[in-house]
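Hi everyone, thanks for making the time. I'd like to walk you through a structure, starting with a helix and then moving to the sheet and the spaces inside.

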Amino acid sequence: ESTGEDIRLRRYQTYTADSQKVLTYLDILYSVVPCGAFVCSDDSVCASKGIHLIKGSPIPKELAEYVAAEKETVFDSEHPIYVRPHLKNPVAALFPIIRQSGQLPMALVLLEKRGAPLSEMELGSAKLIAVTLGHQLN
C-alpha cells in the first residue's frame with residue numbers, strides 16, 4: 001500500500017480452504033442480491049464479490065467496531081460508512097458470522113445498490129448466507 005512517499009507492507013494472511021467456501025457463498029448471494037458484498041474480520045477483508053477489494057486490505061476503524069460487536073446492523077444512509085474512498089456506495093448492512101467462541105469476529109457486509117435500498121428479501125438472503133458461513137467455517 002502506498003501513501004504518498006511511504007510504502008507500507010502488510011503481512012499476508014491466508015484463508016486457504018475457507019476462502020473457496022466464502023467465495024462460493026458470495027457468488028450465490030450475488031446471484032440473488034446484485035450488490036457489492038464482502039466478508040471480513042475485524043481488521044481486514046477476507047473475500048469480496050461485486051466490488052474491487054483486495055483480500056487482506058484493511059477495513060475502516062468505524063466498520064471494525066461493528067464487526068467486533070458481532071451485532072446485525074442495517075446502516076442509516078444519513079451517516080454513511082465508506083469502505084474505500086474510491087467506492088461510491090456506502091455500507092448498507094452488516095451480518096455477523098457467528099463461529100465457535102475464541103475465534104476472530106467475522107461479518108458479511110453489503111454495500112448499497114445504486115440509489116435503491118435493500119429489500120427485506122435481500123437482507124434476509126444475506127442473513128441466511130452469514131448464518132450458513134458461520135456453520136461452514138467452524
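Before the first residue, a word on terms: helices here are DSSP runs of type H or I with at least four residues, numbered from the N terminus. Please keep in mind that this is a predicted model.

With that, let's begin at Ser 125, which sits in helix H3. Is Ser 125 buried or exposed? Buried means under 20% relative accessible area, and Ser 125 comes in at 18%, so it counts as buried. What does Ser 125 touch, once we set aside its neighbours within four places in sequence? The contacts are Leu 29, Val 32 and Val 33.

Now for the sheet. Five strands make an open sheet, and reading across, the order is S4-S3-S7-S6-S5, with antiparallel pairing. At the edges we find strand S4, residues 45-49, and strand S5, residues 73-74, each of which pairs on one side only. Two helices pack on this sheet. Helix H2, residues 61-69, touches S3, S5, strand S6 (91-97) and strand S7 (106-111), and its direction makes about 35° with that of S6. Helix H3, the home of our Ser 125, spans residues 120-136 and also packs on the sheet, touching S3, S5, S6 and S7; its direction makes about 30° with that of S6.

Let me zoom in on S3, my favourite part of the tour. S3 covers residues 37-41 and runs antiparallel to S4, with four bridges joining the two. A hairpin of three residues connects S3 to S4. If you'd like to follow the register on the screen, Phe 38 has Ser 48 as its bridge partner in S4, and Val 39 stands opposite Ala 47. Towards S7, the pairing is antiparallel too, over five bridges, and there Cys 40 is partnered with Ala 107.

How many of the residues of S3 are buried? Five of its five, so to speak a mostly covered strand. In a regular strand the side chains alternate between the two faces of the sheet. For S3, Ala 37, Val 39 and Ser 41 lie on one side and Phe 38 and Cys 40 on the other, and both faces are covered, with all of these residues buried.

On to the spaces. The structure holds one cavity of 30 Å³ or more, and the space in the largest cavity is about 30 Å³. Which residues line it? They are Leu 26, Leu 29, Tyr 30, Val 33, Cys 35, Ala 37, Lys 49 and Leu 110. You'll recognise Leu 29 and Val 33 from the contacts of Ser 125, and Ala 37 from S3. Helix H1, residues 16-32, gives the most to this lining, with three residues. By class, the lining has seven nonpolar residues, no polar ones and one charged.

Last stop: the second largest pocket, with about 210 Å³ of space. It is lined by 13 residues, and the closest to its centre are Gly 36, Gly 50, Asn 89, Glu 112 and Arg 114. That lining divides into six nonpolar, three polar and four charged residues.

That's my tour, and I'm happy to take questions.

Key: Residues are numbered from 1 along each chain as its sequence is written. This is a predicted model: local features need pLDDT of at least 70, side-chain atom pairs count only at pLDDT 80 or more; totals for chains, interfaces and linings use all residues. Side-chain values use heavy atoms; hydrogens and water are left out. On a 1 Å grid over the protein atoms alone, a cavity is a set of points where a 1.4 Å probe fits but cannot get out, and a pocket is an open set with protein on both sides within 12 Å along at least five of seven lines; lining residues have an atom within 4 Å of a point. Grid points are joined across faces, edges and corners, and a volume is the space filled by probe spheres set on the points. Ala, Val, Leu, Ile, Met, Phe, Trp, Tyr, Cys and Pro count as nonpolar, Asp, Glu, Lys and Arg as charged, and the others, Gly among them, as polar. Two strands pair if DSSP finds at least two bridges between them. Contact means heavy atoms within 4.5 Å. Axes are lines fitted to C-alpha atoms, for helices over the stretch in contact, and angles run from 0 to 180 degrees between N-to-C directions. Buried means under 20% relative accessible area, exposed over 50%, partly exposed in between (1.4 Å probe, protein chains only).
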